Amino acid sequence: QVQLVESGGGLVQAGGSLRLSCAASGVIFSINAMRWYRQAPGKQRELVAAINSGGITNYADSVKDRFTISRDNAKKTVFLQMNSLKPEDSAAYYCNADVSSYSGAYYRVYWGQGTQVTVSS
C-alpha cells in the first residue's frame with residue numbers, strides 16, 4: 001500500500017505565494033517521476049509540473065517562471081513552490097507518483113487526495 005498526502009493549500013491574494021508538499025508513505029522501494037496536476041471546476045485535470053528521479057523538470061506553459069517543482073528523495077516528498085499566483089491558478093491540486101514497491105516490481109501510479117488553492121483578485 002502506498003499513500004500520497006498533499007498539504008499547503010489555502011487562500012491567498014493575487015501576487016502571493018504558496019508552497020505545496022506531497023509526502024509518499026507505505027511500501028516503497030523506488031519512486032520514479034513525481035507530478036503535480038490541477039483541476040478547476042468544470043475543467044479537465046491538467047499537468048502543471050513534473051520531476052523525474054534525476055531532477056529533470058518540465059512545466060506547463062501557463063506556470064513557467066512562476067512555479068518550481070522540487071523533491072526530497074530521502075523524505076519521499078515532492079514540493080511545488082507557487083509564486084506570483086493568479087486567480088486562474090485556483091484549483092484543486094493533486095500530486096501523483098510512479099512507485100515501485102519491491103525490487104524488480106513494475107511501477108504503479110498513485111494519486112493524492114488533493115489540496116485546494118484559491119487565489120483572490
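1. A salt bridge is here a side-chain nitrogen of Lys or Arg within 4 Å of a carboxyl oxygen of Asp or Glu. In this predicted model, D98 and R35 meet that description, since their closest N and O atoms are 2.7 Å apart. D98 belongs to strand β9 and R35 to strand β4 (residues 30–39), so the pair ties together parts that are 63 residues apart in sequence. Neither partner is left on the surface by the criterion used, for both D98 and R35 are buried.

2. The structure holds five salt bridges, and the reader may wish to look at R66 and D89 next, whose side chains meet with 2.7 Å from N to O. R66 sits in the loop between β6 (57–59) and β7 (67–72), while D89 sits in the loop between β8 (77–82) and β9, so this contact ties together parts that are 23 residues apart in sequence. Both R66 and D89 are buried. They also take part in a wider arrangement, in which R38, E46, R66 and D89 are linked in a network of salt bridges.

3. The salt bridge of D61 with K64 has its closest N and O atoms 3.2 Å apart. With a relative accessible area of 67%, D61 is exposed, whereas K64, at 44% relative accessibility, counts as partly exposed. For K64 the reasoning rests on the cut-offs, because partly exposed covers the range between under 20% for buried and over 50% for exposed.

4. The structure holds one disulfide, formed by C22 and C95, with their sulfur atoms 1.9 Å apart. C22 lies in strand β3 (residues 18–26) and C95 in strand β9 (residues 91–100), so the link ties together parts that are 73 residues apart in sequence. The link of C22 and C95 is right-handed, with 45° about the S-S bond, and both cysteines are buried. Strand β9 thus appears twice in this note, as the place of C95 in the disulfide and as the place of D98 in the salt bridge with R35.

5. One aromatic pair is present in the structure. The rings of Y37 and W111 have their centres 4.9 Å apart and their planes at 50°, so the pair is tilted; the angle falls between the limits, as planes under 30 degrees apart would count as stacked and those over 60 as edge-to-face. Y37 lies in strand β4 and W111 in strand β10 (residues 108–111), so the pair ties together parts that are 74 residues apart in sequence. At 18% relative accessibility Y37 counts as buried, while W111 is partly exposed, with a relative accessible area of 38%.

6. Two contacts between an arginine and a ring deserve a separate mention. R45 lies over the face of W111, at 4.8 Å from the ring centre, and W111 is also the partner of Y37 in the tilted pair. R19, for its part, lies over the face of F79, at 4.1 Å from the ring centre.

7. A last point concerns G42, which is placed in the loop between β4 and β5 (46–51). With a relative accessible area of 89%, G42 is exposed. The C-alpha atoms of G42 and R108 are separated by 28 Å, the two residues being 66 residues apart along the chain.

Technical notes: Residues are numbered from 1 along each chain as its sequence is written. This is a predicted model: local features need pLDDT of at least 70, side-chain atom pairs count only at pLDDT 80 or more; totals for chains, interfaces and linings use all residues. Side-chain values use heavy atoms; hydrogens and water are left out. A disulfide is a pair of cysteine sulfur atoms within 2.5 Å. Helices (H or I, at least four residues) and strands (E, at least two) are DSSP runs, numbered from the N terminus. Buried means under 20% relative accessible area, exposed over 50%, partly exposed in between (1.4 Å probe, protein chains only). Rings of Phe, Tyr and Trp (its six-membered ring) pair if their centres lie within 6.5 Å; planes under 30 degrees apart count as stacked, over 60 as edge-to-face and the rest as tilted. A charge sits over a ring if NZ of Lys or CZ of Arg is within 6 Å of the ring centre and within 35 degrees of the ring normal.
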